[in-house]
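Trainee: Could you take me through one part of this protein at close range? I would like to see how a single spot sits within the whole.

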Amino acid sequence: MTHARTRISKAVIPAAGLGTRFLPATKATPKEMLPVVDKPAIQYVVEEAVAANLSDVLMITGRNKRPLEDHFDRNYELESALTAKGDEARLARVQESSDLATMHYVRQGDPRGLGHAVLCAEPHVGDQPFAVLLGDDLIDPRDPLLGRMIEVQERHGGSVVALMEVDPSQIHLYGCAAIVPTGDDDVVRVTDLVEKPALGEAPSAYAVIGRYVLDPSVFAVLSKTQPGRGGEIQLTDALRELAQEDGPDGPVHGVIFTGRRYDTGDRGDYLRAIVRLACERDDLGPDFRSWLRTYVSEEMQD
């Protein structure tokens, strides 16, 4: 059944985490501001939201996150200096981030988990569906995911999660979905969700990755969700409750993603993401790939 629904226009980006896996680099610098080649990771995420026609972006921040706000604000002194030098190329790159979207910010306060961070967005989002993008997952723009998720939500209602098949030995690192097929190859119905299941207890090999399109009914569930794994309010627990209900708020569906995803929340994957993206750049790729081939060849001979 096709439902007539208001077009989703708001994106929420939780960015209040402490980034402990990247210490000491993140002692005074937000992990979201770590550069991926020459742009901070958070800018890739905002660009993805904008590419999906989500021009209203709310960022959930915390202490020591002021550089995030500064990055998406105007820097008149720097712009004036670049203008005086006639450096139009760099001026355009500086202005790009401040012109991307209408940015809003709210502080989470106590770091009580992803579910609590999403709950902080309720006054801004109101009673409309909205997208949530986690900053650790970068989705290659050539493999659009968020737009497809919005299509599924507008068709079926309810909430939509992004799923990716992972090696069963790694599923304990993720939220995991129990699923049943639908008429679309890349769309499934989610019947249950488990946050970081123990090895051998996962209902599938489909992991929840950091993209969600949520029905506002999730706020009422989150407001009474008790702390779960790690003593935090887990978004997975709230979505599990919605997935097991068959009420007016709609089901939970999953979009299976098979494209390119870069995990910048892990140090090794962060380095691999930089190498991959640098290799694909027209301005950096040729020279960098040549150096990389030589380096790898020499290392293999040692």
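Mentor: Happy to; what follows starts with one residue, Asp-137, then moves out to other sites and the whole chain. Keep in mind that this is a predicted model.

Let us begin at Asp-137, which belongs to strand 7, a run covering residues 137-139. Is Asp-137 buried or exposed? Its relative accessibility is 6%, so Asp-137 counts as buried, the cut-off for that label being under 20%. The charged side chain has a partner there: a polar contact of 2.8 Å links the side chains of Asp-137 and Arg-261. Leaving aside residues up to four places away in sequence, Asp-137 touches Arg-261 together with Tyr-262 and Asp-263, and also Ile-209, Gly-210 and Arg-211, as well as Val-45.

Val-190 makes a good companion to look at next. Val-190 sits in strand 10, which runs over residues 187-195. Val-190 counts as buried because its relative accessible area is 0%. With residues up to four places away again set aside, the neighbours that Val-190 touches include Val-161, Leu-163, Ala-177, Ala-178 and Ile-179, along with Val-252, His-253 and Gly-254. For a sense of distance, the C-alpha atoms of Val-190 and Ala-49 are 24 Å apart, with their positions 141 residues apart along the chain.

Some backbone details deserve your attention too. Leu-23 and Pro-24 are joined by a cis peptide bond, with omega at about 10°, and Pro-24 lies in the loop linking strand 1 (10-14) to strand 2 (35-36). Val-37, in the loop between strand 2 and strand 3 (39-40), is not a glycine, yet its phi is positive, at about 65°. Val-37 is partly exposed, at 24% relative accessible area. Asn-64 also has a positive phi, near 65°, without being a glycine; it is found in the loop between strand 4 (56-61) and helix 2 (66-71), and at 48% relative accessible area Asn-64 is partly exposed.

Now step back to the whole protein. Its secondary structure amounts to eleven helices and 13 strands. A compact globule of 302 residues would have a radius of gyration near 19 Å, so the 20 Å found here agrees with that expectation. Of those 302 residues, 48% count as buried. Among contacts between residues at least 6 apart in sequence, 76% join residues at least 24 apart. On the charge side, there are 33 positive and 48 negative side chains, and the centres of the two sets lie 3 Å apart.

Technical notes: Residues numbered from 1 in each chain as written. Predicted model: local features only at pLDDT ≥ 70, side-chain atom pairs only at ≥ 80, totals over all residues. Heavy atoms only, no water. Helix = DSSP H or I, 4+ residues; strand = E, 2+ residues; numbered from the N terminus. Rg over C-alpha atoms; globule rule 2.2 N^0.38 Å. Buried < 20%, exposed > 50% of the residue type's maximum accessible area, 1.4 Å probe, protein only. Contact = heavy atoms within 4.5 Å. Lys, Arg positive; Asp, Glu negative; His and termini not counted. Charge placed at Lys NZ, Arg CZ, Asp CG, Glu CD. Polar contact = N/O pair within 3.5 Å; in protein donor to acceptor, adjacent residues only side chain to side chain.
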